[in-house]
Structure formats: structure tokens, C-alpha cells
Amino acid sequence: MIDARRLRTLRAVADHRTVTAAAAALYLTPSAVSQQLAALEQETGHHLLAREGRGVRLTAAGEILLGHADAVLAQLERAEADLAAYSAGVSGEVTVASFATGISLVLAPAIGALAAGAPGVRLKVLDAEGDASLPMVLDGRADLAVAVEYRGAPRADDARLTRVPLYAEPFEAVLPLGHPLADAEGPIAVADLAGEPWIGPYPGNPCHDVVLLACEHAGFQPRLVHSSDDFRAVVALASAGAGVALVPRSALLGVDLGRVAVRPVDSALATRRVFAAVRAGADGHPLIRPVLDALADAAPAADRR
């Protein structure tokens with residue numbers, strides 16, 4: 001009999017590539033993770049891991065088992081959801097990880113809607129960058145993520161997750177007032193900014209990936225001179241003439257734009273796509289379903305803004 005808890009440990013090791021990192025994600029000690037993996041190898045009769053440099057990789061047998069592990073873990077999530085639905089009254093806490101503007105645009109309105117429509121559902125909100133929330137869900141540190149597409153993200157067809165699209169928002173060019181394109185009519189071409197110094201987020205931030213993709217499609221690599229993950233700082237630098245930037249539209253809400261010009265750009269790739277995600281099988285849970293519905297209801301207003 002294969003212990004499902006050990007399958008979850010195998011998945012964590014496959015995701016994080018080291019026993020130490022997997023242990024941290026699971027809130028276990030490295031020795032406890034190693035013991036669970038050793039027991040799983042005894043249960044299956046196969047070596048599941050092999051050392052690779054400072055980390056580990058799955059053997060062929062480990063990859064086979066991992067494919068079944070995803071299906072088993074998703075089915076267990078469905079079983080828990082069905083049992084919870086069978087129980088009387090819906091009451092409990094849902095932990096949601098979201099980036100800051102996602103909290104402002106859809107999560108905060110969803111909390112208000114839940115207070116009226118599902119008062120037994122309590123949300124615990126964790127502010128997490130767009131590339132951090134999905135690993136938190138997969139590791140069990142959060143029940144639901146409000147996340148964005150980024151390079152290296154789990155694919156849309158990843159069997160471990162169920163996604164609900166929420167909204168898409170364009171990036172807009174932020175230019176110093178004296179810039180030649182500051183008074184341009186209509187969308188400006190990203191290619192026309194090729195020779196400029198750029199201000200943008202650090203690598204690893206999903207917005208950094210969007211900016212690079214839009215610039216690469218326009219035929220150039222941006223010369224990133226100044227880096228900040230705080231869009232207020234990005235706008236302040238642009239207002240001082242330090243460079244140009246592409247910024248998500250919602251990140252400009254409430255920011256002093258008096259000394260910059262904000263212009264739409266002609267690139268469909270300069271778009272942040274936002275979605276909610278839960279572990280596969282958990283979308284029917286009676287605590288999680290109302291949260292997903294409330295987020296979906298809040299999303300059209302986010303699109304309009």
C-alpha cells in the first residue's frame with residue numbers, strides 16, 4: 001500500500017529539486033523527508049531518486065510514479081471537497097495568496113461579496129508576488145492563488161492545478177514629459193523605444209517577463225538601467241527623466257502621474273493575464289467554490305478599470 005502523504009513528499013522534491021528545499025516547503029526536517037522517500041521506495045520496490053550535482057532528479061520509475069501521484073492527490077482533494085459538502089453548514093478559513101494589485105482589484109471586492117453571500121467563509125490574505133503564489137498553493141501553504149502568467153510558470157494544462165481566468169490588463173508606456181513621444185496621439189510602437197534607457201522590475205518578477213517579451217517581439221532587448229519592483233518608484237524615476245517604462249495599467253491607480261506622460265502601446269504581448277488557481281480537485285470544495293465565484297464576479301470590474 002502506497003502512503004499518499006509520501007506521494008505528496010515526492011511531488012515536493014520533484015518541484016524543488018533538493019531535499020532541503022522540499023522540506024522547507026512541507027514544514028518538515030530534511031531527515032523526515034529523506035525517511036519518507038526511503039519508505040516510499042520500500043513500498044514501491046524501486047529507486048525513485050538519483051543524485052544530480054547538489055540536488056536530486058527522479059529516476060524513470062520516479063517519473064512514472066509522479067504521474068500517478070498527481071492524479072491520486074487530485075482525487076483526494078475531490079474526496080475532501082465532497083465530504084465537506086456533505087457536512088452541514090459551510091464555515092471555515094481559506095488562505096489566498098495574491099500580488100498587491102490583484103488584492104486591490106478582485107480580492108478585496110470578493111471579500112465584501114462573501115461577507116454578504118457566504119458569511120461563514122473567512123479569507124486569510126497573503127501578499128505574494130505573482131510568481132510566488134502558485135508554488136504556495138502546490139506546497140499546501142495556500143488554498144488559492146491569484147496569479148499571473150510568467151515564464152517558467154506551470155502550464156495551463158498542468159494536471160496539478162485548476163485555473164479560472166479573471167482579467168487581462170494592458171501595460172502602458174510611462175515617459176518623461178519632455179520625451180518626443182509624450183504628446184503622441186494613439187498607441188505608440190514599442191520599437192520606437194528601442195534606444196531608450198529603461199526602468200523596470202527585477203528578473204523573476206512576472207512583469208519583467210512581459211516587458212522583455214514585448215520588446216523582443218519588437219526586435220530589441222531593452223537596456224535596463226534602473227530596477228525596482230515598486231511601480232511608484234518606477235514612475236518617480238521616469239518623472240526625473242531617468243528612462244522609460246512599461247507598467248501594468250492597474251499599478252498606476254493612485255500614483256502621482258503629474259510629471260509623466262502615460263501612453264498606450266501597440267503590442268498585444270504587453271498584457272498581464274490574471275487567473276485564480278487551486279489544487280486540482282479542490283475547486284468544488286464548499287469553502288473554495290464561493291471564493292472562486294466571488295473572484296470571477298469581481299473580475300469584469302477589474303477589466304473596466
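Which residue forms a salt bridge with D143? It's R279, and the closest N and O atoms of the two are 3.8 Å apart. Keep in mind that this is a predicted model.

**View 1. D143 and R279 link distant parts of the chain.** D143 sits in the loop between α6 (133–138) and β5, while R279 belongs to strand β11 (residues 271–279). Count along the chain and the two are 136 residues apart. R279 counts as buried because its relative accessibility is 15%, and buried means under 20%.

**View 2. R160 and D15 make another long-distance pair.** Here the closest N and O atoms of the salt bridge are 2.8 Å apart. R160 lies in the loop between β5 (144–148) and β6 (161–176), and D15 is part of helix α1 (residues 4–16), 145 residues apart. R160 is buried at 15% relative accessibility, whereas D15 is partly exposed at 30%. Both also belong to one network of salt bridges with shared partners, together with R11, D70 and D158.

**View 3. D3 pairs up with R5.** Their closest N and O atoms are 2.8 Å apart. The partners sit in opposite settings: D3 is buried, with a relative accessible area of 18%, but R5 is exposed, at 62%. Zoom out to the whole structure and you'll find 15 salt bridges.

**View 4. D127, E129, D229 and D230 form a negative surface patch.** Take D230 as one of its members: you'll find D230 in the loop between β8 (223–227) and α8 (231–239). With a relative accessible area of 40%, D230 is partly exposed.

Note on methods
Residues numbered from 1 in each chain as written. Predicted model: local features only at pLDDT ≥ 70, side-chain atom pairs only at ≥ 80, totals over all residues. Heavy atoms only, no water. Patch = residues over 30% accessible without salt bridge, like charges linked within 9 Å, V, L, I, M, F, W, Y side chains within 5 Å. Areas by Shrake-Rupley, 256 points an atom, 1.4 Å probe, with all protein chains shown as cover. Salt bridge = Lys/Arg side-chain N within 4 Å of Asp/Glu carboxyl O. Lys, Arg positive; Asp, Glu negative; His and termini not counted. Charge placed at Lys NZ, Arg CZ, Asp CG, Glu CD. Helix = DSSP H or I, 4+ residues; strand = E, 2+ residues; numbered from the N terminus. Buried < 20%, exposed > 50% of the residue type's maximum accessible area, 1.4 Å probe, protein only.
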